[in-house]
Amino acid sequence: MAATAAAGSSSWYIGPKADLLIGCGLWSLPFLLITHQLNLQYGVALAFAFYILSFVCNYPHYMATIYRAYGTKADFEKYRFFTIYVTALFVGTAAITHTSHMLFGDRVNLVPYFVTFYLLWSPYHYTGQNFGLTMMFARKRGINPTLTERNLLQWGYVSGYLIMLVSIQAASGGADPNLLQAGPWIQKHFDNFGFWVNSIRWALLVFFAGSVTYVLFRWIPQVGFRRAIPVTALACTQGMWFLVPALYEILGSAVPAVYYSTGTLAFMHCAQYLWINFFYARKETEAGLRGSGVWRPWRYFGILIVGGMALFVPGPWFVSRAFSFDFTESFLIFTALVNIHHFMLDGAIWKLRDGRIAQLLLGKGTAASSGAGNAASEYLTGAASWLAGRSPVARTIRYGGIAGLLLVTALDVTYQFATRKHADFDEILLAKKLNPDDTKVHVRYAELLASGGALEEAISAVKEAIKINPYSPAARRLLPALMARLGEVEGNQGLMRAAYDELRLLPMLFSPDLGTLMLWGRLGTQFGDVEEAIARLEEARGIEPANLDVMLSLADTYLAAGRNEESVAAYKQYLAALSEGFDRSPETIRRSVVAGLKMCDGLALLGRTAEAADIYPQLVSTALRIGDTPLASQATMRFADLAESSGDVEGALRLMRGALQISQAVGDVDSEGRAWFNLAQFLADHAADPTLALAGYARAEALLAATPDLARLSAAHRERLQRELGPAVAAKAPTDLDRLVSMIADPSQQVPFRAAKP
């Protein structure tokens, strides 16, 4: 009771609803569920919505820290290491990062390191804020945490962060080349990677649940459950923020954890931060520690909005237009460095052990008075005070700057809308006029050109993007894809070889993504680099182990490389995954039959002919069930080839006649012609009467008139056979064609075979 009486006079900061929903995060679960579903269905629209919301939530949250640290002489002086020296260091770092290609060589790219540092620190920053608010509410509500309880709760919260860190770093990489991940390297060098990752996640989850539950059960009896609701809610919020995304990932969500961290979680964190800053700034002002002592909430919020815009919007635009620098990369640099600076400054200024902060947030202790600063703080704060003053010059500069900032912001909003993922041709042309120095614009322009068939123009557009930024992942990945596509259309092997060479440069710049690796594997197989193709496809499998296209491509490439054991295993994995899906469409079933035929080829090469012979009839019946006569006929022919290679000539003939009957039953002329061609080849090798083969070739030619290449091949075989037999024997076949054809096709007719060669 004594501890409770020592707490502040009010149990709330802004009010019960705002404190619980925003400050304690009770809106987290519905917000996570809704945004996850919206992201799956309307991902582009949701991303743009979060971009618009950033002007009133995310950006102001950064400015709130600047306002807090730079707003008074006392604060400026107190944190001068961060406000002056660290800030100067970050300004210099931004300049060096923008010019790193020129300073250190074309292959040096610092951007991924800063982006990775920012992305990995962000969730830890959210964790620190949740922990700080939990301790703040605990002390305000009269809870007296012991050092052990405090440390245990802190490590419990950190374990939640570590779950997300594991998810981010254990991902297979490739999707975001500006994020450096350990997952690909670990997967390559260690077995049972997935098992260990999930084991670590579950261990952290158990530790989180155990430590947080223990602390809450120690705290709640001190003040009662009702007064402990805020700390309980914050503990649940920490769990939801970090465990729900991991759960989505385990269940196969298409949204990586890093996108939750920079999207949904970032928005909720910023709203939470603004909530406590709003209260703190009001109490600080009313206590006479800042400004006139009169609290003007709309003025405060307006300063945060305008200041937030100034932190993020004009910098990339100025660098891009003034120095012809890639706008997309400049935006990444500013975002990463502003965030890292914010994390450092924020960690310094929000300490409950600080007397003034404790007095304002907890209602105890003594507020520190404004002290005198050094020359630098006096000069800078004096300049800021003059700029905020009423002189005509200051007002002109101030309002002119705000007007210019709002104009640039309106330009940025227009530009971001015009360059969204599904922007149309007119919007991209507008964006090119607004800023021609952005790889994102040229890449989207190239995609639109390619969709219209203008592949040469599309390639030129991508090359223009690469001139702007040779490290642009989107441009570097798109160029070989377009070159390979144009090479296929034109039959230009040189262009396809050039695409292959472009692909082989990518690992020097960043990790290739799934689509790039798939293309690399296909071109590698085409150019005879089968082992290289397998390596790239296995890398693709590491990115998406359950991807059906990757499974099938890898199985095909194993077969082409003669790695038959691996090909059979890969086909079986593919067929098992295909059967586990809910898609039972004819096309999916057809894909399973085609893969089954290839698997049987691998089994035959391994000498497992009995196993293959058991599978072929199933494939034939499956193809017939979906009405795919050519495929059923093809499967029967492949079965016949297996019988022939096993020495069962009679069985092979029976199966070939069956394939012919399948085609004839539905009047499929092309399939029937192919069946006759295969049958003629078989008869040429085995029949005692050579005129049977001549008749078969002649029949195939007549049916394959619509397939000129195969018809010419059949004619060539027939002419070669006629030359070998001589004119007298060859002349018999045309005169007796109908009888010979009938005999060949009739299952009741015996066909004499030549004796097998010893």
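## A helix-rich chain, seen residue by residue

Ser-324 sits in the loop that links α16 (314-323) with α17 (327-349). This is a predicted model, and Ser-324 is a handy place to start looking around. Its phi angle is near 55 degrees, which is a positive value in a residue other than glycine. Ser-324 counts as partly exposed because its relative accessibility is 45%, in between the 20% limit for buried and the 50% limit for exposed.

### The chain as a whole

Stepping back, the chain contains 39 helices and zero strands. Of its 758 residues, 48% are buried. Among contacts with a sequence separation of 6 or more, 68% join residues that are 24 or more positions apart.

### Three helices: α22, α23 and α24

Let us turn to how some of these helices sit against each other. Two packed helices are described by the angle between their axes and the distance between the axes. Helix α24 (residues 473-490) is one partner in both pairs below, and the table sets out the geometry.

| Helix pair | Axis distance | Crossing angle |
|---|---|---|
| α23 (residues 455-468) and α24 (residues 473-490) | within 9 Å | roughly 160 degrees |
| α22 (residues 439-451) and α24 | 10 Å | about 20 degrees |

Take α22 first. With its angle of about 20 degrees to α24, α22 is therefore roughly parallel to that helix, since angles under 35 degrees count that way. The crossing of α22 past α24 is left-handed. On the α22 side, the residues that meet α24 are Val-443, Ala-446, Glu-447 and Ala-450, and their counterparts in α24 are Ala-474, Ala-475, Leu-478, Leu-482 and Arg-485. Sorted by class, this contact holds seven nonpolar residues, two charged ones and no polar ones.

Now for α23, whose axis crosses that of α24 at roughly 160 degrees. An angle over 145 degrees counts as roughly antiparallel, so α23 and α24 are described in that way. Their crossing is left-handed. From α23, the contact draws on Leu-455, Glu-456, Ala-458, Ile-459, Val-462, Lys-463, Ala-465 and Ile-466. From α24 come Ala-475, Arg-476, Leu-478, Leu-479, Leu-482, Met-483, Arg-485, Leu-486, Val-489 and Glu-490. The residues of this contact divide into 13 nonpolar and five charged, with no polar residue.

Some α24 residues appear in both contacts. Ala-475, Leu-478, Leu-482 and Arg-485 meet α22, and these residues also belong to the contact with α23.

### Two buried serines

Is Ser-663 buried or exposed? Ser-663, which lies in helix α33 (residues 649-666), has a relative accessible area of 0%, so it counts as buried. Its side chain has polar partners: one polar contact reaches the side chain of Ser-671 at 2.7 Å, and another reaches the side chain of Ser-633 at 3.4 Å. Setting aside residues up to four places away in sequence, Ser-663 touches Thr-629, Ser-633, Asp-668, Ser-671 and Glu-672. Ser-633 and Ser-671 are thus on the list of touching residues as well as being polar partners of Ser-663.

Ser-122 belongs to helix α8 (residues 111-140). This serine is also buried, because its relative accessibility is 2%. Which residues does Ser-122 contact, leaving aside neighbours within four places in sequence? They are Ser-261 and Phe-343.

### Gly-156 and Leu-692

Gly-156 is found in helix α9 (residues 147-170). A relative accessibility of 0% makes this glycine buried. Beyond its neighbours within four places in sequence, Gly-156 is in contact with Phe-207, Phe-208 and Ser-211. The C-alpha atoms of Gly-156 and Phe-131 are 9.7 Å apart, while the two residues are 25 residues apart along the chain.

Leu-692 has its place in helix α35 (residues 690-703). With a relative accessible area of 1%, Leu-692 is buried. Where do its contacts come from? Not counting residues up to four places away in sequence, Leu-692 touches Leu-683, Ala-687, Leu-740, Met-743, Ile-744 and Val-751. One of these, Met-743, is 51 residues away from Leu-692 along the chain, yet their C-alpha atoms are separated by 8.7 Å.

Note on methods
Residues are numbered from 1 along each chain as its sequence is written. This is a predicted model: local features need pLDDT of at least 70, side-chain atom pairs count only at pLDDT 80 or more; totals for chains, interfaces and linings use all residues. Side-chain values use heavy atoms; hydrogens and water are left out. Axes are lines fitted to C-alpha atoms, for helices over the stretch in contact, and angles run from 0 to 180 degrees between N-to-C directions. Helices (H or I, at least four residues) and strands (E, at least two) are DSSP runs, numbered from the N terminus. Angles under 35 degrees count as roughly parallel, over 145 as roughly antiparallel, 65 to 115 as roughly perpendicular and the rest as oblique. A crossing is left-handed if the near helix is turned anticlockwise from the far one by less than a right angle, and right-handed if clockwise. Contact means heavy atoms within 4.5 Å. Ala, Val, Leu, Ile, Met, Phe, Trp, Tyr, Cys and Pro count as nonpolar, Asp, Glu, Lys and Arg as charged, and the others, Gly among them, as polar. Buried means under 20% relative accessible area, exposed over 50%, partly exposed in between (1.4 Å probe, protein chains only). A polar contact is a pair of N or O atoms within 3.5 Å; within protein, one must be able to donate a hydrogen and the other to accept it, and residues adjacent in sequence count only if both atoms are side-chain atoms.
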